[in-house]
Protein chains: 2
Amino acid sequence: MKYCAECGAPVVLRMPHDDHRERYICTECATIHYQNPKIIVGCIPEWEDGRVLLCRRAIEPRHGLWTLPAGFMENGEAAWQGAARETLEEANARVKILDLYALYNLPYINQVQLLFRATLLDLDFSPGVESLEVQLFAENEIPWDTLAFRPIRTTLEQFFADRKTGEFKFHTADLEPPVRK
Amino acid sequence: MKYCAECGAPVVLRMPHDDHRERYICTECATIHYQNPKIIVGCIPEWEDGRVLLCRRAIEPRHGLWTLPAGFMENGEAAWQGAARETLEEANARVKILDLYALYNLPYINQVQLLFRATLLDLDFSPGVESLEVQLFAENEIPWDTLAFRPIRTTLEQFFADRKTGEFKFHTADLEPPVRK
């Protein structure tokens, strides 16, 4: 951020009075521009035979890899509505959103990810513009080696483990930056 | 938003290609400025005798009314860390954050509120700059008529009800705009 979104004058990074961290402050109109974490909302769409719907990404990052439908929560919606909307956009699939299943903190990229369990309502799905393909996978068919994101792997592992016990428990974790080799 | 935070040129509200809603787009550098919901993080600090710590607000909105310690989650922290930080700032109180207890969607103000159960670690608390006073309340002492926010009332009601059953269940709700009389 270099300029004030309200008046167009330059901003400076400075600690406001009674604050505890530096903010971008306008040098003309004194507006304080706060920057806060963003929420990713997604779901685990489960068909009645137990298979789960995954999307192969047509966009960066992780183009070509498989993921659960998820994306940035938008203003004006509830988290579960955002999860359903992302599923419709990425897989043209209709879901009934169930319980919140996982919350991941990714402080190194200023994100909180909220993943819900969901029931896939019909088999009339197809790739949205951000997906190369969408497909149902049984547990033994999940493309573990070509999953796009660590929270997706963790969530799927826990989902299948929980399902065997007959009880879905809420999961939460703080993720560290991935180690680049 | 009227000006581009990156180059200072005017922005226009327009639907980007392959998007589904209007965004502020720079007329010069074409940067798309997304606006997303913010996260409020807070906790229910419980002392070992069952009393709960509330703060009386020294700031607007709801100056003079009682609330649980909570505030905007910051970049670079996990949600539970934000809840502990807010408790330290508003009540100079140290807590151990426990399970996520409630998630509230407030789409009409573009907020998601995450409230955690917490253990108050000692009785060395005092008002922070945003609080007029901080005080422990037993269930029958809670100032129900002077609570600042509906989610706080709901959370406290459910917390005391759950505590009687011996089991704390995760709660979630979508809140409508309050009715102004």
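Student: Which strands of chain B do the buried residues of helix 2 of chain B pack against?

Tutor: This is a predicted model, in which local features need pLDDT of at least 70, side-chain atom pairs count only at pLDDT 80 or more, and totals for chains, interfaces and linings use all residues. Residues are numbered from 1 along each chain as its sequence is written, with chains lettered from A and ligands numbered from 1 in the order in which they are written. Helices (H or I, at least four residues) and strands (E, at least two) are DSSP runs numbered from the N terminus, and contact requires C-beta atoms, placed from the backbone, within 7 Å. The buried residues of helix 2 of chain B pack against strand 4 (38-46), strand 6 (66-67), strand 8 (95-106) and strand 9 (111-120) of chain B.

Student: Why do the buried residues of helix 2 of chain B lie on the same side?

Tutor: A residue is buried if 20 or more other C-beta atoms lie within 10 Å of its own, exposed if 12 or fewer, and partly exposed in between. The buried residues here are P151(B), I152(B), T155(B), L156(B) and F159(B). They share one side of helix 2 of chain B because the arc they cover around the axis, taken from the directions from the helix axis to the C-beta atoms, is only 130°.

Student: Which residues are exposed on the other side of helix 2 of chain B?

Tutor: Helix 2 of chain B spans residues 150-165. On its other side, the exposed residues are A161(B), K164(B) and T165(B).

Student: Which strand of chain A supplies the largest share of the side that touches chain B?

Tutor: In chain A, 36 residues are in contact with 36 residues of chain B. The largest share of that side, three residues, comes from strand 8 of chain A.

Note on methods
Two residues are in contact if their C-beta atoms, placed from the backbone, lie within 7 Å. The expected span of a helix is 1.5 Å times one less than its number of residues.
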